Amino acid sequence: MPVRDAACLMANRRIRKEEDVITIHGDPLSVHTRKVIVTAILKDIDYQLVIPDRPPPSRRKPSPDELIPALQDNDFALTDSTAICLYLENKQPSPTILPGDISACGRALWFNAYADGTLFRNVVQPLFYQTIVAPKIRRVPSDIKLIDQIFKEVQPSIFGYLESQIDGQFLVGDAMTLADIAIASNFIVYQYIGYNVDVARYPKLGKYLRGVAENEAFGKALDNEKPFVATMGLDRSFLDRFSFIHQFAA
Ligand SMILES: N[C@@H](CCC(=O)N[C@@H](CS)C(=O)NCC(=O)O)C(=O)O
């Protein structure tokens, strides 16, 4: 698709040579697209974002599994946020999103898998569907019983597990890794759709998420999302509260 015909074109800072600019097909509000965007920004890789048709049920499918994100880097196409992030890691190794130490690297990959396979599949995706897609896009009632069940029976063990794993600013080591990008990206959507992390119950998780959202690359991605958040009528006030708390804690 010619760049100017794209539903949305977002250049990441200055444009270098055209062949250096990768194309990310995805939605800026999607958990998995954000992983790729944050990774590209962190690594100073220029990208353009092409948003497939909205709303989700009628998207044009850019990938074999019909999911977003998908990457196009000149002649090379790739799907799956983790595969794409690891491709970008090899394309531009510094700064790294995977620690060199083998156990730390394994741990980062584990949290990335947990973010997708457990946090997203069991909490964020069903809540997104029941809170946004069902009532606002498909115009069918939300399943209140299911939402309640997620809060009471599913969420506590997942949030509790994460709370137990946080010991400092990042999940692994002393810099942002794929683990933080994947986990925090889920919580951004969780909060966009109107839910808050109970900081009295999960104080480490709350503080950790604030820190990741304030990371420069993550923060830039979130700034770029502002117009899309507004269009979808989502709530980004938690990010203002983050900076409010940050200013007064400084
Ligand atoms: N394992 C895949 C999951 C991708 C995924 O579930 N993407 C969602 C959006 S976050 C999707 O494409 N949903 C259908 C749609 O938006 O059309 C990855 O990491 O990329």
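Here's a quick briefing on the fold, the helix packing and a few backbone oddities of this chain. Keep in mind that this is a predicted model. The chain has eight helices and four strands, and its 250 residues are 36% buried. Confidence averages a pLDDT of 89, though there are stretches at residues 1-13 and 244-250 where the score drops below 50.

**Overall layout**

- Going along the sequence, the elements come in the order β-α-β-β-β-α-α-α-α-α-α-α.
- Contacts reach a good way along the chain: of those between residues at least 6 apart in sequence, 70% link residues at least 24 apart.

**How far to trust it**

- A pLDDT of at least 70 is reached by 86% of the residues.
- Residues 1-13 stay under 50, and the model gives them 22 contacts beyond four places in sequence.
- Residues 244-250 are below 50 as well, with three contacts in the model beyond near neighbours in sequence.
- Low pLDDT means the predicted coordinates shouldn't be read in detail.

**Helix H2 and its buried side**

- H2 covers residues 81-91, and its buried residues include Ser-81, Ile-84, Cys-85 and Leu-88.
- Those four sit on the same side of H2, because they cover an arc of only 100° around the axis.
- What do the buried residues of H2 pack against? Their partners are helix H1 (31-42), strands S3 (70-73) and S4 (76-79), and helix H5 (178-192).

**H5 and its helix partners**

- Two packed helices are described by the angle between their axes and by the distance between those axes.
- With H3, the H5 axis comes within 8 Å and crosses at roughly 10°, so H3 and H5 are roughly parallel to each other.
- On the H3 side, this contact is made by Ala-108, Phe-111, Asn-112, Ala-115, Asp-116, Leu-119, Phe-120, Val-124, Leu-127 and Phe-128. H5 brings Leu-178, Ala-179, Ala-182, Ile-183, Asn-186, Val-189 and Tyr-190.
- Sorted by class, the contact of H3 with H5 has 14 nonpolar, two polar and one charged residues.
- With H6 (residues 203-213), H5 packs at an angle of about 105°, the axes being 10 Å apart. Angles of 65 to 115 degrees count as roughly perpendicular, so that is how H5 stands to H6.
- Here Asp-180, Ala-184 and Phe-187 of H5 meet Leu-209, Val-212 and Ala-213 of H6.
- The contact of H5 with H6 has five nonpolar residues, no polar ones and one charged residue.

**The S2–S3 loop**

- Glu-66, Ile-68 and Pro-69 are worth a look here: Glu-66 is in the loop between S2 and S3, as are Ile-68 and Pro-69.
- Is Glu-66 buried or exposed? Glu-66 counts as exposed, because it has 12 C-beta neighbours inside 10 Å.
- The phi of Glu-66 is near 65°, a positive value in a residue other than glycine.
- Ile-68, by contrast, is buried, with 23 other C-beta atoms within 10 Å.
- Ile-68 and His-25 are 43 residues apart in sequence, yet their C-alpha atoms are 6.7 Å apart in space.
- The peptide bond from Ile-68 to Pro-69 is cis, with omega near 5°.

**On either side of H2**

- Asp-80 lies in the loop between S4 and H2, and has a positive phi near 90° despite not being glycine.
- Asp-80 is partly exposed, because 19 other C-beta atoms lie within 10 Å and 20 or more are needed to count as buried.
- There's another cis peptide bond from Ser-94 to Pro-95, with omega near -10°. Pro-95 is in the loop between H2 and helix H3 (102-138).

**Phe-151 in H4**

- Phe-151 belongs to helix H4, which runs over residues 144-165.
- Phe-151 is partly exposed, with 13 other C-beta atoms within 10 Å.
- Which residue is 24 places from Phe-151 in sequence and 9.4 Å away in space? That's Leu-127, taken C-alpha to C-alpha. Leu-127 is also one of the H3 residues in the contact with H5.

Key: Residues numbered from 1 in each chain as written. Predicted model: local features only at pLDDT ≥ 70, side-chain atom pairs only at ≥ 80, totals over all residues. Helix = DSSP H or I, 4+ residues; strand = E, 2+ residues; numbered from the N terminus. Contact = placed C-beta atoms within 7 Å. Arc of directions from axis to C-beta. Axes fitted to C-alpha atoms, helices over the stretch in contact; angles between N-to-C directions. Parallel < 35°, antiparallel > 145°, perpendicular 65-115°, else oblique. Nonpolar A, V, L, I, M, F, W, Y, C, P; charged D, E, K, R; others polar. pLDDT = per-residue confidence, 0-100.
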